[in-house]
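Dear colleague,

Please find the structure below, handed over for your work. A short account of what was found in it comes after.

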Amino acid sequence: MRTVARPHLAFSVVFVLLCVSQSFAITRHYYLAAEDVAWDYAPSGLNLTEGRPIPQPWAKQTKWAKIRYIEYTDATFTVHKPQPDWLGILGPIIRGEVGDEIVVDFLNRSHSAHSIHPHGLRYDKDNEGAYYVPAGRGSLVAPNGRFTYHWFADAGSGPGAGQLSSVVWWYHPHSAGPMEINAGLMGPHHHHGQG
């Protein structure tokens with residue numbers, strides 16, 4: 001019996017395997033707003049580390065004007081998405097896997113211009129969210145302004161060889177960085193390896 005080589009069959013198998021591995025990559029969409037808030041650092045009135053009342057002079061004022069990233073369910077920015085209490089003042093967790101596109105619709109409801117700059121993701125100049133010359137379009141979003149960021153989770157976004165199954169990075173504004181971060185604008189993004 002004679003064996004017939006079938007190069008088209010081998011090509012088809014390789015093509016299908018490549019398509020299957022790429023099919024796990026998806027676009028993940030988030031809706032974040034920067035909002036001015038009054039943040040209470042000690043709503044219980046206790047120093048929870050020691051289980052005692054907060055000492056003076058700090059007990060006089062536990063609420064401060066801050067700015068937070070708050071997540072919404074869609075582009076209408078009317079319904080808050082629930083966030084676990086343990087995140088505290090931090091923004092919502094942005095999740096992804098290697099190969100995913102992360103799309104963030106950003107609405108700036110704050111009193112000053114802000115942006116969102118991600119660590120560990122890939123982007124072009126307009127989507128960098130960092131204000132310096134030359135400035136990209138998403139580097140400084142004015143009050144009541146909007147911008148849609150497009151980021152990509154490549155192999156460097158996820159865990160490396162011999163590491164755990166995921167990596168946590170940070171996002172924050174990058175127009176007046178330290179002041180904005182100290183005001184409360186920062187959050188985690190969490191990426192798994194592919195498949």
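The notes below cover the strands, the nonpolar cores and the largest pocket.

This is a predicted model, in which local features need pLDDT of at least 70 and side-chain atom pairs count only at pLDDT 80 or more, while totals for chains, interfaces and linings use all residues. Residues are numbered from 1 along each chain as its sequence is written, and side-chain values use heavy atoms, with hydrogens and water left out.

Strands (E, at least two residues) are DSSP runs, numbered from the N terminus. Two of them pair if DSSP finds at least two bridges between them. Strand S1 (residues 27-40) pairs with S4 in the antiparallel sense over 10 bridges, and Ala-33 stands opposite Ile-70 in S4. Because 7 of the 10 residues of strand S4 (residues 63-72) are buried (under 20% relative accessible area, 1.4 Å probe, protein chains only), this strand is largely enclosed by the rest of the structure.

An open sheet of 4 strands has the order S5-S10-S9-S7, with mixed pairing. Strand S5 (94-97) and strand S7 (117-118) stand at its edges with a single partner strand each, so one side of each is left without a neighbour in the sheet. S5 runs parallel to strand S10 (residues 187-192), joined to it by 4 bridges. Arg-95 stands opposite His-190, and Gly-96 has His-191 as its bridge partner. The covered face of S5 holds Ile-94 and Gly-96, and the uncovered one Arg-95 and Glu-97.

A nonpolar core is a set of buried Ala, Val, Leu, Ile, Met, Phe, Trp, Tyr and Cys residues joined through side-chain atoms within 4.5 Å. The largest has 19 residues, of which Leu-32, Ile-94, Val-104, Ile-116, Tyr-149 and Trp-151 touch the most other members. S1, S4, strand S6 (101-108) and strand S8 (146-152) are the elements that give two or more residues to this core. A second, separate core of 6 residues includes Tyr-31, Ala-33, Ile-70 and Phe-77.

The largest pocket (on a 1 Å grid over the protein atoms alone, an open set of points where a 1.4 Å probe fits, with protein on both sides within 12 Å along at least five of seven lines) has a volume, the space filled by probe spheres set on the points, of about 160 Å³. Its lining residues (an atom within 4 Å of a point) include Tyr-30, Glu-71, Lys-81 and Arg-95. The lining divides into 6 nonpolar, 1 polar and 3 charged residues.

With kind regards

Definitions and conventions
Ala, Val, Leu, Ile, Met, Phe, Trp, Tyr, Cys and Pro count as nonpolar, Asp, Glu, Lys and Arg as charged, and the others, Gly among them, as polar. Buried means under 20% relative accessible area, exposed over 50%, partly exposed in between (1.4 Å probe, protein chains only).
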